[in-house]
Amino acid sequence: MWPWIKRWLDWVTTDVLPLSRTRPHGQAVHTRYEKAGLALYDLPVPWNADAVVVEVLLKIPPAARKKTDFTLRFPGREPVPAEALRPDTADRHRLLFRLPVPAASADGELLWKNKLLSRVAVPVLTASEFLAGLRLTVPTVAVRLGTQTVAAQTFVASQCRGLVASCVLRSPTPLAPLADLGLKVVFRSERTGVGYEVPAALSSSQFAAREGIVAVCSPKVPRRGGGWTVAWVVGGREVCIQKVQGIPARRFEASLRVADTRFVVADKAGAVRVLRQPPTAGEADRVGPCFLVASSEPGMAGMCRLQVHAAVPGESRPPLLMEQDVLVTDGPAVFAPGLLDTADTQRVGGFELRHKGRVLGSASLRPVPAAALTAEGGFKPPPEFTWTPTADDELAERLARLMGGGS
């Protein structure tokens with residue numbers, strides 16, 4: 001009798017009583033995928049994901065709480081049984097399905113005892129679509145020089161302590177597919193033809209993000225002159241290539257030049273200013289030169305020791321005031337080594353910037369001398385004066401006043 005009554009109750013609860021009381025309802029479907037140890041809810045699902053997980057939150061009456069009654073069916077594939085049925089809150093339960101990634105985007109059906117509960121869509125991202133949307137931006141090659149690392153296209157080979165390649169990766173979807181797609185950098189010497197492949201590793205947080213900064217160091221330090229290529233490779237495809245060149249130190253030293261000069265002054269209160277013209281008497285308590293040094297080599301980066309000498313009239317060997325190691329690039333680098341008391345500069349006519357004895361430029365503390373007219377209508381030439389960019393600016397200013405006064 002009891003088996004007969006059980007079959008009768010199953011028939012009543014399944015086919016006679018209201019569905020809301022006897023079958024699952026109120027479902028919410030969430031699809032995620034697993035990759036590189038992460039669970040990501042960002043769709044579509046990449047082709048190389050480890051697994052697709054479909055999670056359904058639904059109300060299940062006690063009579064329908066059997067995991068084996070639920071299946072997930074996709075066209076052309078075997079039904080996927082539920083992996084787990086877990087209680088959530090009150091009468092709500094979480095139903096989990098785990099399945100491999102479909103070959104293409106698919107629309108499936110969530111079934112309970114072969115009855116449709118909901119439709120489940122699994123959009124799939126192919127490898128070609130991911131690579132087409134991946135962007136490698138701001139590729140940069142930096143050179144390690146001593147304790148500093150600077151982006152450069154040209155560097156002093158004997159000073160190089162290593163090359164660093166970096167870029168910013170951007171994608172409309174998470175970067176997780178790169179976990180096994182393969183991202184690497186190839187450093188290749190044009191002189192020897194030997195290449196060095198270095199895998200580029202991303203962190204878990206970068207895999208989950210849509211943008212990330214990646215940096216890779218070359219295992220080989222370029223100590224001899226010559227060109228190097230740095231290529232970024234994704235999935236076996238070269239997406240970016242850059243070139244850098246190591247040059248001899250003498251070539252770098254020959255390219256040094258002074259782009260401009262300034263004066264740094266400080267008053268008794270300690271306030272510091274930068275002046276275009278030398279300070280007048282009593283204007284400053286301390287004064288020092290400021291040279292803007294650059295290299296004529298494009299994209300240059302190199303270290304050099306610069307010296308500031310005092311230009312003293314009558315002295316054949318200008319005394320050394322200060323020296324310092326400076327990083328010089330193809331853009332103006334400010335070199336202001338220090339300040340002197342104005343009392344110590346009474347006999348100093350200016351400052352000379354030198355490198356290994358070669359004068360790169362000068363900054364005069366004396367105003368530009370003027371030629372004196374004679375009674376015969378001629379002029380007496382001014383004393384010998386070293387022309388500087390500051391003097392050139394003063395000349396331009398005087399000419400502008402002269403032209404303005406005559407008009």
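The side chain of Glu-297 makes a polar contact with the side chain of Arg-251, at 2.8 Å, and this pair offers a way into the structure, which is a predicted model. Glu-297 itself is placed in the loop that runs between β23, residues 286-295, and β24, residues 300-311. Although Glu-297 sits in a loop, its relative accessibility is 13%, and it counts as buried because that value is under the 20% limit. Once its neighbours within four places in sequence are set aside, the residues in contact with Glu-297 are Ile-247, Arg-251, Ser-255 and Asp-330, so that Arg-251, the partner in the polar contact, appears in this list as well.

Ser-295 belongs to the surroundings of the same loop, for its place is in strand β23, and its side chain reaches the backbone nitrogen of Glu-297 at 3.1 Å. A further polar contact, of 2.6 Å, joins the side chain of Ser-295 to that of Ser-255, and Ser-255 is also one of the residues in contact with Glu-297. Is Ser-295 buried or exposed? With a relative accessibility of 2%, Ser-295 counts as buried. Not counting residues up to four places away in sequence, Ser-295 touches Phe-252, Ser-255, Arg-257, Met-300, Val-328, Thr-329 and Asp-330. Asp-330, named here among the residues that Ser-295 touches, is found among the contacts of Glu-297 too.

From this group of polar contacts we may turn to Val-230, which lies in strand β19, residues 226-234. Val-230 is buried, since its relative accessible area is 1%. Which residues does Val-230 touch, when those up to four places away in sequence are not counted? They are Val-141, Ala-165, Val-185, Val-186, Phe-187, Cys-240, Ile-241 and Gln-242. The C-alpha atom of Val-230 is also separated by 9.9 Å from that of Glu-197, a residue 33 positions apart from it along the chain.

Pro-61 provides another pairing of this kind, as Pro-61 and Arg-92 are 31 residues apart in sequence and 8.8 Å apart in space, C-alpha to C-alpha. Pro-61 is located in the loop between β4, residues 51-59, and β5, residues 70-73, and with a relative accessible area of 12% Pro-61 is buried, because the limit for that class is under 20%. For the chain as a whole, residues 24 or more positions apart account for 63% of the contacts that have a separation of 6 or more. The chain contains seven helices and 31 strands, and of its 407 residues 43% count as buried.

The backbone has some points that deserve a separate look. Most residues other than glycine have a negative phi, and most peptide bonds are trans. A cis peptide bond, with omega about 10°, joins Leu-43 and Pro-44, and Pro-44 is found in the loop between β2, residues 38-40, and β3, residues 45-46. Val-138, which is not a glycine, has a positive phi near 50°, and Val-138 is found in strand β12, residues 135-145. Lys-356 likewise has a positive phi, of about 55°, although it is not a glycine, but Lys-356 lies in a loop, the one between β28, residues 350-355, and β29, residues 358-364. Val-138 counts as exposed because its relative accessibility is 54%, and Lys-356 counts as exposed at 65%.

The cysteines can be considered next. How many disulfides does the count come to? The count comes to zero. Cys-160 is buried, with a relative accessible area of 0%, whereas Cys-217, at 49%, is partly exposed because this value does not go over the 50% that exposed requires.

The last stop is a region of empty space. Rolling a probe the size of a water molecule over the atoms shows where such space is left. The second largest pocket holds about 260 Å³ of space and is lined by 12 residues, of which Pro-279, Thr-280, Ala-281, Thr-342 and Thr-345 lie nearest its centre. Taken by class, the lining of this second largest pocket is made up of six nonpolar, five polar and one charged residues.

Note on methods:
Residues numbered from 1 in each chain as written. Predicted model: local features only at pLDDT ≥ 70, side-chain atom pairs only at ≥ 80, totals over all residues. Heavy atoms only, no water. 1 Å grid on protein atoms, 1.4 Å probe; cavity = no way out; pocket = protein on both sides within 12 Å on 5 of 7 lines; lining within 4 Å. Points joined across faces, edges and corners; volume = space filled by probe spheres on them. Nonpolar A, V, L, I, M, F, W, Y, C, P; charged D, E, K, R; others polar. Helix = DSSP H or I, 4+ residues; strand = E, 2+ residues; numbered from the N terminus. Buried < 20%, exposed > 50% of the residue type's maximum accessible area, 1.4 Å probe, protein only. Polar contact = N/O pair within 3.5 Å; in protein donor to acceptor, adjacent residues only side chain to side chain. Contact = heavy atoms within 4.5 Å. Disulfide = S-S within 2.5 Å.
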